[in-house]
Amino acid sequence: MSLTSSYSSLALEHTLSCLHKCSTEVELKQVHARMLKSGYFHDPYAITKFLSFCLSSSSSSTFSSYAQDVFLNGLDRPDTFLWNLMIRGLSSSDQPETSLLFYHRMLSSSATHNPYTFPFLLKACSNLSAFQETTQIHAHLTKLGYGNDIYSVNSLINSYAVTGNINHARLLFDRIQEPDLVSWNSLIKGYAKAGEMDIALTLFRKMPPAKKNAISWTTIISGYVQAGMNKEALQLFHEMQNSNVPPDKVSLASALSACAQLGALDQGKWIHSYANKQRISIDSVLACVLIDMYAKSGDMEEALRVFKNITKKTRSVQVWTVLISGYAYHGLGGEAISRFTEMQKMGVRPNAITFTAVLTACSYTGLVEQGKSVFHTMERDYNVKPTVEHYGCMVDLLGRAGLLDEANRFVKKMPVKPNAVIWGSLLKACQIHKNVELGERIGEILIGMDPNHGGRYVHMANIHAMGGKWDKAAETRRLMKEQGVVKVPGCSTISLEGTTHEFTAGDRSHAETEKIRTEWRIVRRKLEENGYVPELEDMLLDLVDDEEREAVVHQHSEKLAVTYGLMKTEPGTTIRIMKNLRVCKDCHKVMKLISKIYKRDIVMRDRTRFHHFRDGKCTCGDYW
DNA sequence: ATAGGGTTAG
């Protein structure tokens, strides 16, 4: 619009700067009224500024609603440009549904079209995982003649890829004469999302090297992480470092996720210092994965240091939550609760995952009353509706604490259907608190629910045996064999000077096997002098007599690992072990004794949590 | 205008 208007551009700029200072709806209304009065709402430039401000991601959602209202009711025939503005703004400010709604309104208005909206619309579809909408938009843009527009095609590939229709994406990709970087990256992402990592990797290899950018690398790395193939992910990360594309902060975050899952403390530390050296600032996502990596590697002190070093603004819900969940699985319930309180004081709203973390912390630490009160506040104060995970935490909380009847009643009256996890945690509680009758009933339910789960039979047989019903225990064992249920072998690892040593139960493959066995006999004698008697309760199955059970229990992988740790590290250093399964009672007892007799801290990562052994005690309070 | 990263009960 030409500046023949009755107002000066200076006056308009002044009003717009007032607009940007608005923080409440009242203020916004005032500026809006002033703009109307001055005739600014006939100027497309002013309207654009007004709407973009209201839709920008830093504005509140009430501003966005206000803009929608102004757009639909306060404007005379908005043109294509303004429709695009609304659709784009809503799509990128996390309101994909409304964005699509505006698209439909646009279709029924008299506005003409241009291609610029389609990538944003398709992004909204991706966010909503809306396949139907994607096909509709696809048809529409083809009809309008934008079917060869590379931006639109790439966005289509992406939408099909993330809505799980990789074959549609592939068809489009194969039709492009010269796929660009974005086409390749989108397609690779699609195969990764479909769990087809082999195809994704083949494509990645086939992609012209000159076209690979950090996004390509991160796509394939995070694909492996999501597939749980963390070692492969780290291998590719190494390859990336030898390529001509230096990792940026997103690549680092993906690699750190892999480290977290593996508990690869050394590599994680290396990435952390790399980020510092490259002056990559720790944003909230990096803080999250760093804290998670340190916590899952057993180093809560370092996790806390990361948390303390970032600004208050960087401490998003996710950052708070990851810290709290770290405390939870380290058995530090008190810390978890006080962080949770602090977070609320800081005005950060907990989400569903935060509550899971807090409730887990209560359950692991036996904080029954706190757990109950948190559970009651979640819906009342924060409008977070409890899901099956939260009910599961409550069942676990009550069951572990020995309140078996209350737990059972809770399951009966809760509004969600109990799943195998919930029954499993009740069963475990029955085992800990020796309630044979309830345990047997639950065991039946569980085996009926998933007959291929080996652990269920083990528990069930243990419960029978606990009640002295040996014939039933034997019967369960037979059933287990019949089903062809296989036990996963126990495996422990210990990292020393950058090398990871792996031990499997009873395995002799380690180069220093004989030395380790000799050393274990010495350790064992020393433990016996201090009153150690083997704990064979967890070894009821498969084995005939105590002698045999003892022979097996002494070959458990974590015993080999801790022995090796004692041999290879200086007195006083902390021994860190990771295990793929839960610790058995005997190994737990041995770790406690070693921590006392050898004056060593032992940090052991279980399948689900950490045990810190120090001076004969464990942070789990023998309750795991 | 289009492509990559975060936390979750046993």
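Colleague: How do the residues of the surface near DNA strand B divide into nonpolar, polar and charged?

Modeller: In this predicted model, that surface comprises 21 nonpolar, 22 polar and 11 charged residues.

Colleague: How many residues surround DNA strand B, and which are the closest?

Modeller: DNA strand B is surrounded by 54 residues, and the closest are N185, N213, D248, S284 and Y364. A residue counts as near the strand if one of its heavy atoms lies within 4 Å of it. Helix α17, residues 284–296, supplies the largest share of this surface, with seven residues.

Colleague: Which parts of DNA strand B lie within 4 Å of the protein?

Modeller: Of the atoms of DNA strand B within that distance, 40% belong to sugar or phosphate, and the rest belong to bases.

Colleague: What makes the approach of N213 to a base nitrogen of DNA strand B a polar contact?

Modeller: The cut-off for a pair of N or O atoms is 3.5 Å. An N or O atom in the side chain of N213 is 2.6 Å from a base nitrogen of DNA strand B. The pair therefore qualifies as a polar contact. The side chain of T218 likewise has an N or O atom 2.8 Å from a base nitrogen of the strand. For A214, a backbone N or O atom lies 3.5 Å from a base nitrogen.

Colleague: Why are helices α29 and α32 called roughly perpendicular?

Modeller: Angles of 65 to 115 degrees count as roughly perpendicular. The axes of α29 (residues 513–529) and α32 (residues 585–597) cross at roughly 80° and come within 11 Å. The two helices are therefore roughly perpendicular to each other.

Colleague: Which residues make the contact between these helices?

Modeller: From α29 the residues are W520, V523, K526 and L527, and from α32 they are V590, L593, I594 and I597. They divide into seven nonpolar, no polar and one charged.

Colleague: Why are β2 and β6 said to stand at the edges of the sheet?

Modeller: The open sheet has six strands in the order β2-β1-β3-β4-β5-β6, with mixed pairing. Strands β2 (499–504) and β6 (617–618) each have a single partner strand, so one side of each is left without a neighbour in the sheet. Helix α32 packs on this sheet, touching β3, β4, β5 and β6, and its direction makes about 35° with that of β5.

Colleague: How do you know that β3 and β4 pair?

Modeller: At least two bridges are required. Strands β3 (residues 575–579) and β4 (residues 602–605) are joined over four bridges, in the parallel sense. The requirement is therefore met. As one detail of this pairing, R576 has V603 of β4 as its bridge partner.

Key. Residues are numbered from 1 along each chain as its sequence is written. Chains are lettered from A and ligands numbered from 1 in the order in which they are written. This is a predicted model: local features need pLDDT of at least 70, side-chain atom pairs count only at pLDDT 80 or more; totals for chains, interfaces and linings use all residues. Side-chain values use heavy atoms; hydrogens and water are left out. Axes are lines fitted to C-alpha atoms, for helices over the stretch in contact, and angles run from 0 to 180 degrees between N-to-C directions. Angles under 35 degrees count as roughly parallel, over 145 as roughly antiparallel, 65 to 115 as roughly perpendicular and the rest as oblique. Contact means heavy atoms within 4.5 Å. Ala, Val, Leu, Ile, Met, Phe, Trp, Tyr, Cys and Pro count as nonpolar, Asp, Glu, Lys and Arg as charged, and the others, Gly among them, as polar. A polar contact is a pair of N or O atoms within 3.5 Å; within protein, one must be able to donate a hydrogen and the other to accept it, and residues adjacent in sequence count only if both atoms are side-chain atoms.
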